[in-house]
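Let's take a friendly walk through a protein model and the DNA beside it. Have the picture ready, and turn it as you read.

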2 protein chains.
Amino acid sequence: MPKKAKQDVWGALADGTRREILLLLRSRPHTAGELADQFELTAATVSHHLAVLRECGLVLFERRAQTLIYSLDTEGFEEASAYLKLFARGRRK
Amino acid sequence: MPKKAKQDVWGALADGTRREILLLLRSRPHTAGELADQFELTAATVSHHLAVLRECGLVLFERRAQTLIYSLDTEGFEEASAYLKLFARGRRK
DNA sequence: ACTATATTTAGAAAAGAATCAAAATACGGA
DNA sequence: TCCGTATTTTGATTCTTTTCTAAATATAGT
């Protein structure tokens with residue numbers, strides 16, 4: 001099995017819940033449970049969103065005992081940022 | 001009917017064909033037909049993509065005889081740009 | 001009015017994504 | 001090893017998006 005590619009960065013950013021998760025991670029890392037608590041969604045659903053964010057390099061995670069700690073992976077944003085810069089008014093370079 | 005809002009800027013940018021259309025428009029305005037010719041899609045499908053881009057303020061259009069001329073509307077990019085800037089490394093402001 | 005060209009709209013099929021409940025996995029502690 | 005907590009995976013359901021063909025609209029020229 002060639003490993004399903006599925007959603008890219010743009011697909012990941014297309015969902016509002018995922019964009020909110022990223023905003024939350026901007027202040028500090030959060031556990032999966034903390035993130036799930038912020039939304040009116042099941043933990044399973046939030047976990048799915050986190051998987052999408054992981055797969056396209058927008059978040060990193062690390063296990064600490066039973067909990068998984070998620071944090072931003074700023075590299076993943078590069079592609080989208082570079083694209084949008086092409087359309088910025090008064091852009092330099 | 002309250003007028004279907006449907007796709008927002010993020011949803012619009014999630015599609016690769018639409019992102020390519022925007023890149024094409026960056027060099028100069030194009031007619032719908034010119035744009036359709038650049039893809040292996042029917043004119044109807046490209047027209048639909050253009051409608052999505054219009055609805056969220058990413059492109060403008062103007063009629064010239066039988067043809068519709070599409071061009072970039074840079075304002076529509078602001079929301080997405082502002083969001084992504086929050087995650088830029090070494091961001092200023 | 002009729003025809004040709006350019007484009008959009010409508011309707012439907014197919015693929016993709018979001019969500020949930022339930023089952024499965026991972027870890028640490030008694 | 002068995003239990004409890006944290007989280008993910010699986011499978012099903014539903015909603016949304018992409019795409020097509022066919023029909024409709026707009027415009028200009030004859």
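The report below goes from the overall layout to the sheet, then to one leucine, the cysteines and the DNA.

**The layout of chain A**

Keep in mind from the start that this is a predicted model. Chain A has five helices and three strands. Starting at the N terminus, these elements follow the order α-α-β-α-α-β-β-α. The C-alpha trace of chain A spans about 45 × 40 × 25 Å along its principal axes. Chain A has 93 residues, and 38% of them count as buried. How far apart in sequence are the residues that touch? Take the contacts in chain A between residues at least 6 apart in sequence: 50% of these join residues at least 24 apart.

**The sheet and the helices on it**

Now find the strands. In chain A, three strands make an open sheet, in the order β1-β3-β2, and their pairing is antiparallel. Why do β1 and β2 of chain A each have one side without a neighbour in the sheet? Both β1 (30–31) and β2 (59–64) of chain A stand at the edges with a single partner strand each, so one side of each stays free of a neighbour in the sheet. The link between β1(A) and β3 (residues 67–72) of chain A consists of two bridges, and these strands run antiparallel. You can look for Thr31(A), which stands opposite Ile69(A) in β3(A).

Two helices pack on this sheet, and you can trace each in turn. Helix α2 (residues 16–27) of chain A touches β1, β2 and β3 of chain A, and its direction makes about 90 degrees with that of β3(A). Helix α4 (residues 43–55) of chain A also packs on the sheet, where it touches β2 and β3 of chain A; its direction makes about 120 degrees with that of β2(A).

**A leucine to look up**

Zoom in on Leu35(A), which sits in helix α3 (residues 32–37) of chain A. Is Leu35(A) buried or exposed? Its relative accessible area is 0%, so Leu35(A) is buried. Setting aside neighbours within four places in sequence, the contacts of Leu35(A) include Ile21(A), Leu24(A), Val46(A), Leu50(A) and Tyr70(A). One of these partners, Leu24(A), is 11 residues away along the chain, and its C-alpha atom is separated from that of Leu35(A) by 8.0 Å.

**The cysteines**

A disulfide is a covalent bond between the sulfur atoms of two cysteines. Over all chains, the structure holds zero disulfides. Cys56(A) has a relative accessible area of 11% and is therefore buried. Cys56(B), at 13% relative accessibility, counts as buried too.

**Meeting the DNA**

Finally, turn to DNA strand C. There are 24 residues around DNA strand C, and those that come nearest are Thr45(A), His49(A), Gly33(B), Ser47(B) and Tyr70(B). Of the atoms of DNA strand C that come within 4 Å of the protein, 80% belong to sugar and phosphate. The table lists some polar pairs with this strand.

| Protein atom | Partner atom | Distance |
|---|---|---|
| Polar side-chain atom of Thr45(A) | Phosphate oxygen of DNA strand C | 2.8 Å |
| Backbone N or O atom of Ala32(B) | Phosphate oxygen of DNA strand C | 3.3 Å |
| Backbone N or O atom of Gly33(B) | Phosphate oxygen of DNA strand C | 2.7 Å |

Which elements give two or more residues to the surface near DNA strand C? They are α4 of chain A and, from chain B, α3 (32–37), α4 (43–55) and β3 (67–72).

Conventions
Residues are numbered from 1 along each chain as its sequence is written. Chains are lettered from A and ligands numbered from 1 in the order in which they are written. This is a predicted model: local features need pLDDT of at least 70, side-chain atom pairs count only at pLDDT 80 or more; totals for chains, interfaces and linings use all residues. Side-chain values use heavy atoms; hydrogens and water are left out. Two strands pair if DSSP finds at least two bridges between them. Helices (H or I, at least four residues) and strands (E, at least two) are DSSP runs, numbered from the N terminus. Contact means heavy atoms within 4.5 Å. Axes are lines fitted to C-alpha atoms, for helices over the stretch in contact, and angles run from 0 to 180 degrees between N-to-C directions. A disulfide is a pair of cysteine sulfur atoms within 2.5 Å. Buried means under 20% relative accessible area, exposed over 50%, partly exposed in between (1.4 Å probe, protein chains only). A residue is near a molecule or strand if one of its heavy atoms lies within 4 Å of it. A polar contact is a pair of N or O atoms within 3.5 Å; within protein, one must be able to donate a hydrogen and the other to accept it, and residues adjacent in sequence count only if both atoms are side-chain atoms.
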